[in-house]
Amino acid sequence: MSGGFDVLAIKDEDVRQLLAAGTHLGANNCDHQMDQYVYKRRLDGVHIIHIGRLWEKLILAARAIAAIEHPGDVCAIAARAYGQRSVLKYAQHTGATPIAGRFTPGTFTNQITKEFKEPRLLIVTDPRTDHQPVTEASYVNIPVIAFCNSDSPLKYVDIAIPCNNKGVNSVGLMWWLLAREVLRIRGTISRESPWEIMVDLFIYRDPEELLKEEQEKEKDQAAQDVATAWGGAPAAVTTFAADDWSTNPEIGGTFSPADVQQPQRQPTGSWGVADDWGSSVAATAPAPPTSVVVPTVGAGGASNDWGGATDAW
């Protein structure tokens, strides 16, 4: 498929990327038409896809795509969420027409619909999930290129690229490699230098993770704005090791526990504790007043004579 040219042969860096992304890991089941692309089967039942044949079919698909005169006549489709970003990025760099998300039935067959298209070539991420566009392409004689796993059906598929189309990293890497090879065959980029576009841009990212990153950036920006408004940077928090308690941050020296003087408590009074618990200390009560003048009340009622003021209480 590569024509025996060394320039189209797989490089060691590409092999490392394919293995790191798990592109060679197939499913537990294997279709009889995909058996020719399986290298072996592991003890846990996972089929291993042949990396050499994967690369040969990838180069064949890239040569077929580059043969299309107008890049917009190539339609890239992905219904699953983890393939939509890859399709959009592929269309951005190669000029293809993307269909990310739900495929409207009748897009290739019903001319009345607003989204009617007549592409010359179709690229799908999964022939099982994207069965509707593959079926409609067979009605209007559109060739189909598909990323196929070991259990994928090959009905109406013209060029099958064996790979792991269920992994997030694998799908993004395969679309990135396909876009790079198409651009190299067209002459847009050189083979002597690596492609400046990173593969991370083709890989699906969880929206929740993106939201968390945006919130963290907003918090950092808010902290910087507050520091700028107060005319200085936020104070740095000094942390000390948990196992080093001998360092005094205020003095800058060291001390030992023996140097610490414990406060001495003084007794507030004499408790007079006796050794003989049978003896008791008699409490002294205050003496009563020596003389108290009590007013007398007469028979006729209350008396106004209270005896005058006295100092003897």
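In this predicted model, helix H2 (residues 51-66) lies across four strands, namely S3, S5 (121-124), S6 (144-148) and S7, and it runs at about 140° to S7. The strands that H2 crosses belong to an open sheet of 5 strands with parallel pairing. A second packing arrangement brings helix H3 (residues 81-94) together with helix H5 (residues 168-186).

**The sheet**

- The order of the strands across the open sheet is S4-S3-S5-S6-S7, and the twist averages 15° from one strand to the next.
- Strand S4 (97-100) and strand S7 (159-162) stand at the edges and have a single partner strand each, which means that one side of each is left without a neighbour in the sheet.
- Strand S3 (residues 74-78) runs parallel to S4 and is joined to S4 by 4 bridges; within this part of the sheet, Ala76 stands opposite Pro98 in S4.

**The packing of H3 with H5**

- The axes of H3 and H5 are 9 Å apart and the two helices pack at an angle of about 10°; because angles under 35 degrees count as roughly parallel, H3 is described as roughly parallel to H5.
- From H3, the residues that take part in the contact are Tyr82, Gly83, Ser86, Val87, Tyr90, His93 and Thr94.
- From H5, they are Val168, Val171, Gly172, Trp175, Leu178, Ala179, Val182, Leu183 and Arg186.
- By residue class, the contact of H3 with H5 divides into 10 nonpolar, 5 polar and 1 charged.

Note on methods. Residues numbered from 1 in each chain as written. Predicted model: local features only at pLDDT ≥ 70, side-chain atom pairs only at ≥ 80, totals over all residues. Heavy atoms only, no water. Axes fitted to C-alpha atoms, helices over the stretch in contact; angles between N-to-C directions. Parallel < 35°, antiparallel > 145°, perpendicular 65-115°, else oblique. Contact = heavy atoms within 4.5 Å. Nonpolar A, V, L, I, M, F, W, Y, C, P; charged D, E, K, R; others polar. Pairing = 2+ DSSP bridges.
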